[in-house]
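Here are my notes on this model, point by point. Please read them with the structure open.

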Amino acid sequence: MSALQTFFAESGNAAAFFKMGGYAAYVWPAYAVFFIVLIVDSIAPRLRRRRVLRELRARIARQSSRQDRAASNPIITPPSL
Amino acid sequence: MSNWIPLWLHKLGSPPTFYRFAGALRPWAMALALLFGAIALYGGLVLAPADYQQGDAYRIIFIHVPSAWMSMFIYAVMGVAAFIALVWRLKLAEVVAMESAPIGAAFTFITLVTGSLWGKPMWGTWWTWDARLTSELVLLFLYLGVIGLYHAFEDRRQGARAAAFLAIIGIINVPIVHFSVNWWNTLHQGSTINVFGQSKISWDMLWPLLSMMLATKFYYIASLFSRVRTDLLALEGGKDWVRKIAESEARQ
Amino acid sequence: MSHPRLLNACAAMLRRDLTLAWRRRGDIAMPVLYALIVTMLFPFALGPEDTLLQRIAGGVVLVTVLLAMLLALDAMFSSDIEDGSLEQLVLAPQPLALMLGMKILAHWLTTALPLIVIAPLLAAMLHLPGAVIPVLLLALLLATPLLSLLGAVLVALTAGTRRSGMLLALMLLPLCVPAVIFAAGAVAAAQQGLPWLAPIAWLGAALVLAVVLAPLACAAALRIALDA
């Protein structure tokens with residue numbers, strides 16, 4: 001990050017970088033929106049994936065328990081699933 | 001031997017194969033996106049000199065213009081996938097088209113917001129009704145319409161086909177909207193980048209822009225693959241390969 | 001030999017839809033009433049100054065007619081879907097696009113035509129100069145079928161869904177932007193004494209294109225939406 005330091009040294013200090021020549025109120029919110037939207041966009045499928053897999057596991061567990069019951073007690077097996 | 005490419009494509013089109021393929025490629029695409037993004041940010045925010053007319057405010061270009069390109073690029077991808085989905089009824093194409101829509105909507109939203117934040121100091125207004133801005137807004141509504149129509153159906157595949165049809169209608173519509181608004185009113189600055197001719201932008205400012213363009217492209221691939229993988233799991237819930245994945249991830 | 005039979009089928013379709021609409025005359029009056037109420041609200045919201053109302057009159061009438069049509073659009077195929085006659089139509093030997101074209105025509109006659117008839121009244125309520133009203137009517141005469149045709153494609157797409165009202169508005173909005181721009185542009189040009197033929201010609205061209213393509217697209221959309 002030496003280049004960044006030299007940049008800051010040349011332009012006075014780090015504050016000048018964050019000031020953006022007086023346009024900080026426009027530049028930084030723009031970058032913030034860019035990153036927030038993309039972070040939300042990349043987290044959403046991950047959460048959905050976890051939910052889908054959890055539901056799937058619950059369904060598999062239900063089915064296997066039903067099969068177990070059917071195997072141990074064939075008389076009260078429902079005629080059709 | 002000449003038909004190995006269609007065969008390979010055909011295999012890739014099957015959900016379990018694509019699931020594995022996307023899973024292998026996704027981390028690389030994300031890594032490249034982060035790498036090019038970091039280079040672009042460093043080049044754009046630190047190395048590039050301030051513009052002699054716009055000062056430092058022009059630095060919004062490094063996210064605004066790549067997002068605008070992506071908003072159109074993703075619509076084109078969605079349109080092609082929608083066409084394939086309607087003509088060949090390929091499940092993977094349906095999924096790609098429908099999962100592209102939220103990413104495209106995200107980039108369109110970014111384009112509108114950053115453009116607004118750029119326009120305020122430069123033109124003195126948050127919004128103006130010129131052709132490019134209005135087309136972008138219409139594009140956002142098209143994306144939202146596609147997403148809304150997809151979720152309005154109870155049957156996911158039927159919803160995907162209906163929404164794919166809407167996406168294709170939209171492709172015809174965007175140029176018409178652009179032309180009609182152009183006819184109506186215009187105030188926007190001319191195009192600054194021309195890939196085939198002499199650019200009006202200096203190299204110091206151009207390379208971070210191109211780097212960010214690559215970053216957004218790779219990000220799209222990563223995000224799309226992640227979404228498509230999830231959607232395939234949800235769609236193929238009853239199949240064996242999905243059950244194996246569900247069980248193996250439970251053990252971890 | 002098939003031509004007279006096809007024409008008969010078209011005429012039967014048109015007659016059936018018009019009869020059905022006539023049996024429910026109240027529904028025809030609803031969009032008209034809606035347009036009247038909306039137009040009445042504008043002077044209350046913006047103040048009664050003649051110059052301001054005159055300036056916005058053309059646009060307000062166009063947007064009001066568009067919204068009133070949107071209100072009625074939802075009902076274009078809904079009763080036919082409920083009683084299953086639309087599925088019969090899909091299975092019928094006659095070309096589906098042509099039959100749907102007749103349905104769209106019937107829908108336009110029953111919803112848009114009454115709106116066009118009262119459009120001069122709406123324009124007069126907002127003090128639009130009398131000389132501009134023929135241009136407004138011409139613009140409406142070209143723009144409303146365009147909206148009916150585009151709307152029909154979208155209604156067909158939502159045929160298989162439960163809730164479609166708001167969704168329809170969201171989908172139609174991007175498609176109707178050009179029609180609104182050219183129709184309002186023609187009225188505004190006429191009001192300023194400028195030549196207004198160019199936007200009307202564009203509207204006409206778009207209408208010709210839509211008359212040819214929209215029924216085909218509508219048929220394809222309906223096949224997708226009803227294919228379970």
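1. Start with the makeup of chain B. This is a predicted model. Chain B contains 8 helices and 0 strands. Read from the N terminus, its elements run α-α-α-α-α-α-α-α.

2. Next, the packing inside chain B. The chain has 252 residues, and 47% of them are buried. Take the contacts in chain B between residues at least 6 apart in sequence: 76% of these join residues at least 24 apart.

3. Now the chain pairs. Which chains share the most contacts? Of the 2 pairs of chains that touch, A and B have the most contacts between them. Chain A and chain C are another matter. No contact joins them, and their closest C-alpha atoms lie 22 Å apart.

4. Look closely at where chain B meets chain A. Here 32 residues of chain B are in contact with 26 residues of chain A. Three helices of chain B each supply at least two residues to the side that touches chain A: H4 (91-123), H7 (203-235) and H8 (240-251). Which helix gives the most to that side of chain B? H4(B) does, with 11 residues.

5. Last, the chemistry of that surface. How many residues of each class are on the side of chain B that touches chain A? There are 20 nonpolar residues, along with 6 polar and 6 charged ones. When you inspect this side of chain B, begin with H4(B), which gives the most residues to it.

Methods
Residues are numbered from 1 along each chain as its sequence is written. Chains are lettered from A and ligands numbered from 1 in the order in which they are written. This is a predicted model: local features need pLDDT of at least 70, side-chain atom pairs count only at pLDDT 80 or more; totals for chains, interfaces and linings use all residues. Two residues are in contact if their C-beta atoms, placed from the backbone, lie within 7 Å. Helices (H or I, at least four residues) and strands (E, at least two) are DSSP runs, numbered from the N terminus. Ala, Val, Leu, Ile, Met, Phe, Trp, Tyr, Cys and Pro count as nonpolar, Asp, Glu, Lys and Arg as charged, and the others, Gly among them, as polar. A residue is buried if 20 or more other C-beta atoms lie within 10 Å of its own, exposed if 12 or fewer, and partly exposed in between; C-beta atoms are placed from the backbone.
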